[in-house]
Amino acid sequence: MVESSKDIMGQQFDASEIEALKYYVYVYTDPRNDRPFYIGKGYGNRAFAHLTEDSDSAKVARIREIRKEGHEPNIEVLAFGLDETTAFKVEAAAIDLIGFENLTNRVVGHGAKRFGRMGMDEVHGKLSSKPIEVFDDDCVLIRINDSYADSAKQTAMDLYDATRGIWRMSLASAKKAKYALAIYGGVVREVYQIAAWLPAEATMYVDQDRNYSPTDRFEFVGRIAGDEVRNRYRWKSVAHFFKRGAANPIMYVGPHRNPAVAAEATVDVSASPTLAIDDTVIVAARSAYGEYLDAAAYICQPERYFRDSVTHLGFYAAQEIKPEIAEILYVEESVIFSADEAESRLGSAHPDVRKVGELIRDLLSSGGRDAGEAYKVMLLSPSGEERTVHLPAPIRNDKVTATGKPWGWTLGQRYTSLNALRRGPSTTSQLESAGDELS
């Protein structure tokens, strides 16, 4: 007997099941051939939402086709009880295993960029990148986070194209650079010797669907740098040179000048109280809040994803959002915690690199972290500094289940805006309402 859509919708999860499931990864399969055609990540009854979706997507078209033949898609849960970051990883692994080209997913998502299949050199680069202290050459750093899909399926030409264009920049400044460094996730992925800068769209790209307005933009042509220069910079970290939240992807560096970000227009959120920008992430922090008060840092699993718009971080513990909303000052995606790593950083000329070294030393000494493990490190403004936003009082979580049981406001991380927080909500419901009013 074939289940109807009504029968399937009747299988939705109740409140207690949702609480146990947390974040989960699910798959839609075609009952006619038992092949998966969609992978998703969700919370609550997200897995059932596609059954009533009305759009022109390939996923909806497949569901309609299945129903036309008297069937319903099969929905299965691949993994549950996850936090959001782990769900991203599982989703990315499933998409990579099945093959994006075999699915109706419109995009591969954040998880596939950060947690998908990687070549061995990329794994080494992610887990053991050392900060660059000085630049012996005039270089332009080009961040490609938004134009490059980080996975083993990407070719050297994909990386080259993502790096070389097309950019809004000062041509005079660009021509002073001898090398262009491709920066992804704060790490140098490749080093190119620049042959020439040209007007945008002067040359062909592998991806013919690139769609940028060429006005006031430029691109370069070149080749991979020689081994001596390449080995000097490749797989090294430059994260400490970029201020968190800076939008401009271009930075000029060299032996005779300090790192300089190209001029860019910025939005002053504090001066625009009617804007609702998700610039703040609130993390579940059973023990992390105390660690922040002691060390002005947040340490979590390596490569944990946070939106690029985030400039501040807050803590949710004991059923409340704590009153300190710290500014994110410095981030390293993956740091090996070891005595040798701490020692090498303590001699650095860069204060943030030294601070990470001190954290490693102190946490290993106290047993707060395991030696040999990799962690993401975020340095934050201390609780007593003006850079930290201080709420009038903690924001109490007033969410409950249908049976009146307290419901965690976030199991992993949740986004909001400084402007919504500054309105002084006393409960999480009021915070959400403030965000809705500003959006």
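1. Let's start with the open sheet of three strands, which are arranged in the order β2-β1-β3 with antiparallel pairing. Strands β2 (35-42) and β3 (74-82) are the edge strands, each with a single partner, so one side of each has no neighbour in the sheet. On average, neighbouring strands here are turned by 20 degrees against each other, direction ignored. Please keep in mind that this is a predicted model.

2. Now for the pairing of β1 with β3. Strand β1 covers residues 23-30 and is joined to β3 by six bridges, the two running antiparallel. If you would like a residue pair to find by eye, look for Val27, which stands opposite Glu76 in β3.

3. Which helices go with this sheet? Helix α3 (residues 58-68) packs on the sheet and touches β1 and β2, while helix α4 (residues 84-98) lies across β1, β2 and β3. As for direction, α3 makes about 130 degrees with β2, and α4 runs at about 165 degrees to β2.

4. Further along the chain, strand β15 (residues 324-336) deserves your attention. Is β15 mostly covered or mostly open? Mostly covered: eleven of its 13 residues are buried.

5. The partners of β15 can be taken in turn. Strand β16 (residues 374-380) is joined to β15 by six antiparallel bridges, and Ile328 stands opposite Leu380 in β16. With strand β13 (residues 312-317), β15 shares two bridges, again antiparallel; here His312 faces Glu327 in β15. Strand β17 (residues 389-390) is also joined to β15 by two bridges and runs antiparallel to β15, with Glu324 opposite His390 in β17.

6. Have a look at Arg345 too, which sits in helix α11 (residues 339-346). Is Arg345 buried or exposed? Its relative accessible area is 2%, which is under the 20% cut-off, so Arg345 counts as buried. Setting aside neighbours within four places in sequence, Arg345 is in contact with several residues, among them Ser129, Pro131, Glu332, Val335 and Ile360. Glu332 and Val335 from that list fall within the residue range of β15, 324-336.

7. A friendly word on confidence to finish. The protein has a mean pLDDT of 84, with 83% of its residues at 70 or more. Over residues 1-6, however, the pLDDT is below 50, and this stretch has nine contacts in the model beyond near neighbours in sequence. Residues 261-275 also stay under 50, and the model gives them 22 contacts beyond four places in sequence. Where pLDDT is low, the predicted coordinates should not be read in detail.

Notes: Residues are numbered from 1 along each chain as its sequence is written. This is a predicted model: local features need pLDDT of at least 70, side-chain atom pairs count only at pLDDT 80 or more; totals for chains, interfaces and linings use all residues. Side-chain values use heavy atoms; hydrogens and water are left out. Two strands pair if DSSP finds at least two bridges between them. Helices (H or I, at least four residues) and strands (E, at least two) are DSSP runs, numbered from the N terminus. Axes are lines fitted to C-alpha atoms, for helices over the stretch in contact, and angles run from 0 to 180 degrees between N-to-C directions. Contact means heavy atoms within 4.5 Å. pLDDT is the predictor's confidence in each residue, from 0 to 100. Buried means under 20% relative accessible area, exposed over 50%, partly exposed in between (1.4 Å probe, protein chains only).
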